[in-house]
Amino acid sequence: MSKRKPVEETESKASRVEVGAHVDASCGKCKSVTSHIVIAKIDATPTRVECRVCAAVHAYRAPRRVVKTAPTPRAESRTPEAIWQDAMKRARGAAVPYSTRENYAVGARLTHASFGDGVVTRLSSPTVCEVVFETGAVKLLMRELRGT
Ligand SMILES: [Zn+2]
């Protein structure tokens, strides 16, 4: 038996943490996972770390695998004009005064007493439709569910 099995290689890198080593940790100040210098440790676990970005010294927090919540592909970065123009691309026909007794389809244009001109962009449920208004506002409005 000249060579032993390389069992020890399965040890994770985390078990080799040294004071002064660099580790990734979440920094409360940076509000993100940044590189930190280990200041103190217990066994293989860093206990105090110094953020290399903002120099804050704080307790070690293991970097969470930040599953970035996909930025909502919503209005945020879009101007009301862009939202409205986008909606208008799908618009069909002439605007009709909004009525809960109307069975709207996507692309239907309507005018609402309070919100103004709108376009139906989505049917949220059999009785609710999503309407984008010229102000960029998105409202859920009732619509009539008609049996065919
Ligand atoms: Zn920091």
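Trainee: What pattern does the protein follow when read along the sequence?

Mentor: In this predicted model, the order is β-β-β-β-α-β-β-β-β-β. The protein has one helix and nine strands.

Trainee: Why is Tyr-104 called buried?

Mentor: A residue counts as buried if 20 or more other C-beta atoms lie within 10 Å of its own. Tyr-104 has 23 other C-beta atoms within 10 Å, and is therefore buried. Buried residues make up 16% of the 148 residues in the protein.

Trainee: Where is the place of Tyr-104, and which residues does Tyr-104 touch?

Mentor: Tyr-104 lies in the loop between β5 (92-97) and β6 (108-112). Leaving aside residues up to four places away in sequence, Tyr-104 touches Val-120, Cys-129 and Arg-143. In addition, Tyr-104 and Glu-144 are 7.6 Å apart in space, C-alpha to C-alpha, and 40 residues apart in sequence.

Trainee: How do you know that strand β1 and strand β2 pair?

Mentor: Pairing requires at least two bridges between the strands. Strand β1 (residues 22-27) and strand β2 (residues 32-42) have six bridges, in the antiparallel sense, and the criterion is therefore met. Within this pair, Ala-25 stands opposite Thr-34 in β2. The two strands form a hairpin with four residues between them, and Lys-31 in the turn has a positive phi of about 55°.

Trainee: What makes β2 and strand β3 a pair?

Mentor: Against the cut-off of at least two bridges, β2 and strand β3 (residues 45-51) are joined by six bridges and run antiparallel. Glu-50 in β3 is the bridge partner of Ile-37. Their hairpin has two residues between the strands, and Asp-43 takes a positive phi near 55°.

Definitions and conventions. Residues are numbered from 1 along each chain as its sequence is written. This is a predicted model: local features need pLDDT of at least 70, side-chain atom pairs count only at pLDDT 80 or more; totals for chains, interfaces and linings use all residues. A residue is buried if 20 or more other C-beta atoms lie within 10 Å of its own, exposed if 12 or fewer, and partly exposed in between; C-beta atoms are placed from the backbone. Two residues are in contact if their C-beta atoms, placed from the backbone, lie within 7 Å.
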